[in-house]
Amino acid sequence: MQDAVTETGRWAFPLPCGVFQKKVLSLLVDIRHRLKETQPASSAVHIERMDTMEDFELQEQSLSDAQAFDTLVLQISRIGGRNTKDCAHEVLDRLFTNSLMAKFNLKGKGKRGKRPLEGTKVYRAIQEGIMKFDKAATEEFIKGSVSEHLKHAPQRTGGGGFSMP
């Protein structure tokens with residue numbers, strides 16, 4: 001092992017296996033640390049999940065800014081899924097808690113006093129993000145997938161069950 005060390009005290013190539021492994025792991029840790037520092041705020045992992053109607057209203061207001069809207073669309077498109085339906089479900093789960101989803105349906109109609117999601121900026125961003133993820137996705141298919149996911153939100157953990165307003 002001593003013959004791999006030069007007169008200056010540095011390792012010569014080829015490096016011994018243990019030294020090589022230590023060096024590679026050290027560099028990988030350094031790279032990971034630098035990536036975490038430079039992670040852009042617009043990455044998909046930084047989407048804030050909305051928990052209350054106030055959170056939803058704040059998000060709606062912020063999406064009036066075209067740059068904020070485009071950023072959310074990009075974030076949504078990066079969430080992905082196995083197919084369009086799975087992508088829609090993943091996006092909704094990432095954006096909303098089940099308790100907030102339980103307060104919405106697509107049209108806002110029905111006896112339970114739910115709010116419509118379809119006419120909102122958030123829904124438009126969801127639709128555009130999914131269509132960016134899957135170029136073959138149609139607006140009608142996305143509507144059906146979103147509607148189905150919202151419909152079952154009360155039964156999921158944290159959905160609060162069915163309650164009258």
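Hi everyone, let's start at one residue: serine 62 sits in helix H2, which covers residues 53–62. Before going further, please keep in mind that this is a predicted model.

So what surrounds this serine? A polar atom of the serine 62 side chain lies 2.9 Å from the backbone oxygen of glutamine 59. Is serine 62 buried, partly exposed or exposed? Its relative accessibility is 31%, and because buried means under 20% and exposed means over 50%, serine 62 counts as partly exposed. There is also a link to a distant part of the chain: lysine 121 is 59 residues away in sequence, yet the C-alpha atoms of serine 62 and lysine 121 are separated by 9.5 Å.

Let me step back to the whole protein. We have seven helices and two strands. Reading from the N terminus, the order is α-α-α-α-α-β-β-α-α, with the two strands following five helices and preceding two more. Of the 165 residues, 34% count as buried. The exposed surface comes to about 10,800 Å², and 55% of that is supplied by carbon and sulfur atoms. And if you take the contacts with a separation of 6 or more, 65% of them join residues 24 or more positions apart.

Next, helix H3, residues 66–79. Its 14 residues reach 20 Å from the first C-alpha to the last, close to the 20 Å expected at 1.5 Å a residue. Which residues of H3 are buried? They are Phe69, Leu72, Val73, Gln75, Ile76, Ser77 and Ile79. A quick reminder for reading that list: an α-helix has 3.6 residues a turn, so residues three or four places apart point the same way. The buried residues of H3 pack against three helices, namely H2, H4 (84–95) and H6 (121–133). So H2, the helix that holds our serine, is one of the partners of H3. Just after H3 comes glycine 80, with a positive phi of about 65°.

Finally, helix H7, residues 139–151. This one has 13 residues and spans 18 Å from first C-alpha to last, close to the expected 18 Å at 1.5 Å a residue. The buried set in H7 is Ile142, Lys143, Ser145, Val146, His149 and Leu150; do notice the lysine and the histidine in there. What do these buried residues pack against? Their partners are H4, helix H5 (98–101), strand S1 (104–105) and H6. If you have the model open, H4 and H6 are worth a look, since the buried residues of H3 pack against both, and those of H7 do too.

Thanks, everyone, and I'm happy to take questions.

Notes: Residues are numbered from 1 along each chain as its sequence is written. This is a predicted model: local features need pLDDT of at least 70, side-chain atom pairs count only at pLDDT 80 or more; totals for chains, interfaces and linings use all residues. Side-chain values use heavy atoms; hydrogens and water are left out. Helices (H or I, at least four residues) and strands (E, at least two) are DSSP runs, numbered from the N terminus. Buried means under 20% relative accessible area, exposed over 50%, partly exposed in between (1.4 Å probe, protein chains only). A polar contact is a pair of N or O atoms within 3.5 Å; within protein, one must be able to donate a hydrogen and the other to accept it, and residues adjacent in sequence count only if both atoms are side-chain atoms. The expected span of a helix is 1.5 Å times one less than its number of residues. Contact means heavy atoms within 4.5 Å. Accessible areas come from the Shrake-Rupley method with a 1.4 Å probe; for residues, only the protein chains shown count as cover.
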